[in-house]
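Please look through the structure below alongside my comments. I have set them out as numbered points, beginning with a hairpin and then turning to the core.

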Amino acid sequence: MNKTFKLETTSFFLHIFAMAAMLCDHLWATLVPGNDWLTCVGRLAFPIFAFMLVEGYSHTKNIKKYALRLFLFALLSEIPFNLMAGGSIFYPLHQNVLWTFLISLGLVHWNGKMQGKKLWLRILVGCGSVVIGYVVGLLTMVDYLHAGVLTVLVFYFFRQRKWWCYVGQALCLWFIHWEMLGGFGWSLPLGDGAIFLPRQALALLALIPIWLYRGKQGHHSRTFQYICYAFYPLHLLILGLAMKL
């Protein structure tokens, strides 16, 4: 019997891939800054984690426990993040990414509670979430700032596996990571002129493994779940201490 080959990703694969990409980016930021290909790979990490946060929210049986885990690991990650990002235990100018996800989770849950309500109310809450996420992300100086919170909201608002949701994800991520974040990049020749390609725009490539995901979990265990959580503070601590040596 011939079996149809399907190219798909699983939740397990996405977590492993995103952690590897994040490690590449943080290695570039600390120990091997000259290897720019590492941070290019690292651009794919955040959108995948943002997508998986929305997936985690849609499947969790207890939102309070989910938020509490994020909060505890955000606290646990703060000093390691400060060591890596600022070189000291106290670094108030930049907060670790788990705070970004905690803010985002709160806004996603607020929108989730509106399901079944009148359309005008859902639209009002959705627009309010965008404004609040933008302002809070900026003021708290969490990782990826307002753009990080908005990325999570994009994956929530366009979470269905329909063509118009894929278009919405692509357009919104293009605006957030190409126009809003911009930054360093390359000037590429185009006809008689040139087009500027921001390095952050490579984050759009994360949509490829995300779109190949069909809801399959793959390998899963409570041990793996906590390995994923623990990986963040542990690798930050190792890199932060290594910079001190």
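1. In the hairpin formed by β1 and β2, two residues lie between the strands, and Gly191 there adopts a positive phi near 65°. Strands here are DSSP runs of E with at least two residues, helices are runs of H or I with at least four residues, and both are numbered from the N terminus. The model is a predicted one, in which local features need pLDDT of at least 70 and side-chain atom pairs count only at pLDDT 80 or more, while totals for chains, interfaces and linings use all residues. Residues are numbered from 1 along each chain as its sequence is written, and side-chain values use heavy atoms, with hydrogens and water left out.

2. Strands β1 (residues 185-190) and β2 (residues 193-198) run antiparallel and are joined by six bridges, where pairing requires that DSSP finds at least two bridges between two strands. Across this pair, Leu188 stands opposite Ile195 in β2.

3. The largest nonpolar core (buried Ala, Val, Leu, Ile, Met, Phe, Trp, Tyr and Cys residues joined through side-chain atoms within 4.5 Å, buried being under 20% relative accessible area with a 1.4 Å probe, protein chains only) has 52 residues, and Leu70, Leu98, Phe101 and Phe155 have the most contacts inside it. Among the elements giving two or more residues to this core are α1 (11-30), α4 (63-86) and α10 (222-244), while α3 gives the most, with 10 residues.

4. Leaving aside residues up to four places away in sequence, Phe155 touches several residues, including Pro47, Phe51, Leu173 and Ile210, a contact being heavy atoms within 4.5 Å.

Technical notes:
Buried means under 20% relative accessible area, exposed over 50%, partly exposed in between (1.4 Å probe, protein chains only).
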